[in-house]
Structure formats: C-alpha cells, structure tokens
Protein chains: 4
Amino acid sequence: MKKLLLLILCSIPLLSLAQNHTQPYLNLEEAKRIVDAAEERALQDNWNVVIAILDGGGHLIYLRKMDGTQIGSVEVAQAKAKSAVFFKRPTKVFEDLVNAGNTRILSLPNAVAVEGGIPIFKDGVCIGAIGVSGVTSAQDAIIAEAGLKAL
Amino acid sequence: MKKLLLLILCSIPLLSLAQNHTQPYLNLEEAKRIVDAAEERALQDNWNVVIAILDGGGHLIYLRKMDGTQIGSVEVAQAKAKSAVFFKRPTKVFEDLVNAGNTRILSLPNAVAVEGGIPIFKDGVCIGAIGVSGVTSAQDAIIAEAGLKAL
Amino acid sequence: MKKLLLLILCSIPLLSLAQNHTQPYLNLEEAKRIVDAAEERALQDNWNVVIAILDGGGHLIYLRKMDGTQIGSVEVAQAKAKSAVFFKRPTKVFEDLVNAGNTRILSLPNAVAVEGGIPIFKDGVCIGAIGVSGVTSAQDAIIAEAGLKAL
Amino acid sequence: MKKLLLLILCSIPLLSLAQNHTQPYLNLEEAKRIVDAAEERALQDNWNVVIAILDGGGHLIYLRKMDGTQIGSVEVAQAKAKSAVFFKRPTKVFEDLVNAGNTRILSLPNAVAVEGGIPIFKDGVCIGAIGVSGVTSAQDAIIAEAGLKAL
C-alpha cells in the first residue's frame, strides 16, 4: 500500500506536466477512418473528389484522389484543409464573409474562401483538418462533414 | 447481314483510333494496393515513412504518413516520386550519377538525387511513380520496390 | 587653438554629408520595446496574437507568437507588416478602399487589405512596420497601436 | 484510502491517454529563454546574428535580429531551423555528409547543409528547433547550443 501511495505521488507531477505541456494530435489510424467515411459518402452519389487530411502543423498525413477527379482538386483540397488548420475555422466562415461583401479576406495568406475545409478539434486544440474538393463546394462540405462523423 | 457489315465497317476507324490513341493510367485501387504493400514492408522493420503515389501527370493520387515520421518526409516523398515520373527513371539513377561526380544534375528542376522514387510503367507508358521517405534512402527504396511488387 | 579651428573646418563637410545622406533606422532595442508594449496590451484582454516587426527594407527583425495563437497568424502578421512598409501606409487604408468597392487593390503584389499592419516613420522616413494577427482585425490594430506608443 | 485507490484507477486511463495520444510542445516562455541565452552568448564575442525558434510543425514562434546582422540571415536562420525540425537532426549532420562527398543531399527539399540549426526534443518528440545565422557556421552553432542549454 505504501508503494501504491508512492506511485500516486510520483504520477502527479507527470500528470500535471501532461496537462500543462502536452497536446493531443491526430494519428494515421484516425485519418484513415475519416477518409474512409468521407469516400463512402462521396460514392453514395457517385461524386469524385480528392480528400486530404492535415495534422495540427498543417502537414499532409493522408490523401486520396478518386478516379476521374479534376487534377486541380489535388491542390485545392490541401489548400482548403490548410486554411482550416491555419485559421482554426471552416473555410465556410471565409466564404460567408466574402459572399457578404468582405472581399478583403482574399488578401490574407493561406485563406481559402470556398466551403470544404473543416478543422478538427480535440480538448480545445486544433489537431488537424480535412479538405475536400471535386464537386460543388456545398457537396464537398457534405463529404467533409460525413468524414468527421467517423472520428 | 448488310447492317452488320455496315456496322463493322463504320466501327473500324473508331476502333483503330482507340487503339492508336489511348494510354494506360494508374487508378486509385492500384495506388491503394501499392501503398498497402509498401506500408506492410515498412511495418516489418518498424520503419516510419511517408508513401506517395503520383499519376502520369505528376499529380498526387495517394499519400500516407505513418505516425512518427519526420515531417520533412511529406515533401521529400512527393519530390522523389515527381522526379521519377518527370524523368521516367528511378531517383537512384540520379543518385548514382551525382555520387560519381556528376553534381551538375543538382541544377535540374525537379531532379532528386536520392534513392526512393521509382516510376511505374505499363505497356511502355509511364503511368505514375511511387516515392518513399523516412528512413535511410536505401531502406526507402526497399519499401518502394515492395510496394510495386503488388501491382 | 589653431588646431581646434582646423579640426572644425575639416569636420564641416563631413557633418553636412552626414546630414544630407543618412537615414534613421529601427534597431532591435526599439523593436523589443514595441513588441513588449503590444504583448502587454494583448494580455490585458487575454488576446493571443503574433506580433512582427520589420525593418525599412521589409525584413523581419522581431517576431513573437503568443501560446495558442492560430498558426496562420505567423504569416499573416508578417504579411500585414510587409504591406505597411512596402506601401508606407497602414493596411487599414487598403481595407477601407476594398470595403468601398475598390477590389482591384487585391491584385497588387504584397498588398494586404486587412487592418493590423502599421508603418513606422521617423523624420519622414519609413523605418519599418508592425504587423499583428490573431484576433479580429480591429483588435489586431488596437494591439499594434499600443505597441507603437512605446516608441 | 478507498478514495485514494479510486483516484489511482481513474487516473490510469487519463495517463495512458496522455502517453498514447498527446505530445509535448514548445511554448513562448521557453522560446524566449532559449533566445535570451543565445543572444547573451553572441554578445560575449560581439557576434551579430539572427536567432529563430520554430515549433514542432515548423512554424516560427520567436525571432530576433541583432543590429547590424546581414539581412540574408533572416531567411537562413529560419531555413536552418526548418531543416532541423523537418528532418529531426542538426543541420551539421547534412553539412558533414556533403563535406564527405554526399552532395546528393542538396537535392532534398528543405534540407540545409550548413551548421547552425538544431532540433529540440522532449520525451522523444521533436517539439521545435533553433536556427542561428550571421557569423561563421561553426560560431552560429556555438550560439545555438548555448541557447539550448537554457531549456
């Protein structure tokens, strides 16, 4: 029992260190799950898209391009995801702003104002993002949301 | 019978046109198979790598980053694959040239002189490439070759 | 006494040369002071921002990213400051123009049309700029102005 | 005592979650401390340098340019730090390779083969890097190491 107590005391600083100075991150298994669910949703309507998953630093960890998708979407999907993780908000927010006349947003580096990029949060930390491109931006967003539901 | 003959005669030019003027391409299903086999080989030795598959136009169609891989490998894996498809030869060829003193290769746009990028051919056409990065370049190449065996 | 006179006479051309042909510049100590004051203002409201100071040539001399600030702000803060020093005017000027319908501003290289970038003048010379990003653009500008008051 | 036991049991999954799915990161206070120590070392020898600190995703969180440092060093310091965090190794490793004839390294995206960039590790995770540029690369590295001792 004394050993147990010692264990508790020892684990407290480790635990608080973890709380204060570590943060969650997205792993490959989760990324796969998100992309699988997103692709499944796309297939339902025979939509061809590129699905990209970035980590919290904006680096690509998973990308899938469905056959027949326009090649421009490879970069667009990544740019949407990058915008989402760089600004911690869905690209829809920028799209709505621009649609409402706030075109000044277009001068911000890495800001994409087209729906289809959504950040992924865990414990209040932005751990990554999904970006989808290939069909209409509203449809891209439907696919992205379906992907995130699998997380 | 006459209609049939007419049909045959009409279809001949179309058919020959098709034969002369199409080219094979790499699809998502094949890309997945390659990446699965490459990842399986990497896991055998607990190697962490990024595996990227590009199509014949040099556009990314599949990418997977194994947990813990250095983030620099995301770009390097794609650069190796791009070099392989842009120059229709493994990056090993450039590496050997540079090792033999031909440093001038380093001034070529998109040429990567580090093993791990291999082009994919079908019927004499370069339909894409695989690029691997994360461990030593010789190990990256072993993983890339294991992936291509699955095709 | 004669020597003193000679010394004065000799130093006159040098002095006038100095007056005609030098320009003030921003040094590290001033940059630090600006950033300290800006950060202090941000902390008052628990705002997380990136604060960047550029010199008169548009080169970064100081940058601080407060914990939790969206990573997109690292580039945005520098872009705002760059716009301010490149065009010798606050980014608010471009924002107002774009808001008034002059979207053509968005096609200018290095022009950012979002508040938060302010040039720094001394003796009529633009010696640098501050750029702030992380909260709303109006709040970013409040922080930037607070920083400049310390100069 | 029972409550204590309950506490232990409850804390186990949290702890293991922290171990499996969170990772440490570099904060602004630590970055400041590193830069202060590095600048102090540089001042000892009247060396003028740029000191840059990146986070684990390769994003700038702190930069200081000492007065008189060549402007090229602003980018070089960041590039060295980026290379260190992207490849999880000091730029000295690439410098030594290139010096030994492995010039092929020069074709890798984001690889800098000049001393002065050092990654920062915590619990086996690369949480960032320091990059120094301004004097000789050996002196840049001395400054970088002095900075890291403060962590």
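Trainee: How do you know that chain C and chain A are related as by a four-fold rotation axis?

Mentor: Start with the superposition in this predicted model. Chain C lands on chain A with an RMSD of 0.1 Å, after a turn of 95° and a shift of 0.3 Å along the axis. The two copies are therefore related as by a four-fold rotation axis.

Trainee: What makes the surfaces of the two copies different?

Mentor: Look at the contact residues: just 11% of those in chain C recur in chain A. So chain C and chain A touch through different surfaces.

Trainee: Why is the pair C:Glu95 and A:Arg104 called a salt bridge?

Mentor: The cut-off is 4 Å between a side-chain nitrogen of Lys or Arg and a carboxyl oxygen of Asp or Glu. Here the N to O distance is 3.4 Å, so the pair of Arg and Glu qualifies. The rule finds 1 salt bridge across this interface.

Trainee: Which elements of chain C touch chain A there?

Mentor: α3 (72-87) and α4 (91-99) of chain C each bring at least two residues to that side. The largest share, 5 residues, is from α3(C). By kind, that side of chain C has 9 nonpolar, 8 polar and 2 charged residues.

Trainee: And how much area is buried between chain C and chain A?

Mentor: About 1300 Å², with carbon and sulfur atoms giving 61% of it. In residues, 19 of chain C are in contact with 15 of chain A.

Trainee: Now for chain B. Why is A:Glu39 with B:Lys32 called a salt bridge?

Mentor: Their closest N and O atoms are 3.6 Å apart, and the limit is 4 Å. A Lys nitrogen and a Glu oxygen are the right partners, so the name fits. Across the interface of chain B and chain A the rule finds 2 salt bridges.

Trainee: Which element of chain B gives the most to the side that touches chain A?

Mentor: That's β2(B), with 6 residues. The elements giving two or more are α2 (28-44), β2 (60-65) and α3 (72-87) of chain B. That side of chain B holds 8 nonpolar, 3 polar and 6 charged residues. About 1500 Å² is buried between chain B and chain A, 58% of it on carbon and sulfur atoms.

Trainee: How confident is the predictor about chain A?

Mentor: The mean pLDDT of chain A is 90, and 87% of its residues reach 70 or more. Residues 1-19 of chain A, though, have a pLDDT below 50. Beyond near neighbours in sequence, that stretch has 11 contacts in the model.

Notes. Residues are numbered from 1 along each chain as its sequence is written. Chains are lettered from A and ligands numbered from 1 in the order in which they are written. This is a predicted model: local features need pLDDT of at least 70, side-chain atom pairs count only at pLDDT 80 or more; totals for chains, interfaces and linings use all residues. Side-chain values use heavy atoms; hydrogens and water are left out. Contact means heavy atoms within 4.5 Å. Buried area is the accessible area (1.4 Å probe) that two parts lose on being put together, summed over both. Helices (H or I, at least four residues) and strands (E, at least two) are DSSP runs, numbered from the N terminus. Ala, Val, Leu, Ile, Met, Phe, Trp, Tyr, Cys and Pro count as nonpolar, Asp, Glu, Lys and Arg as charged, and the others, Gly among them, as polar. pLDDT is the predictor's confidence in each residue, from 0 to 100. Copies are superposed by least squares on the C-alpha atoms of residues with pLDDT of at least 70 in both.
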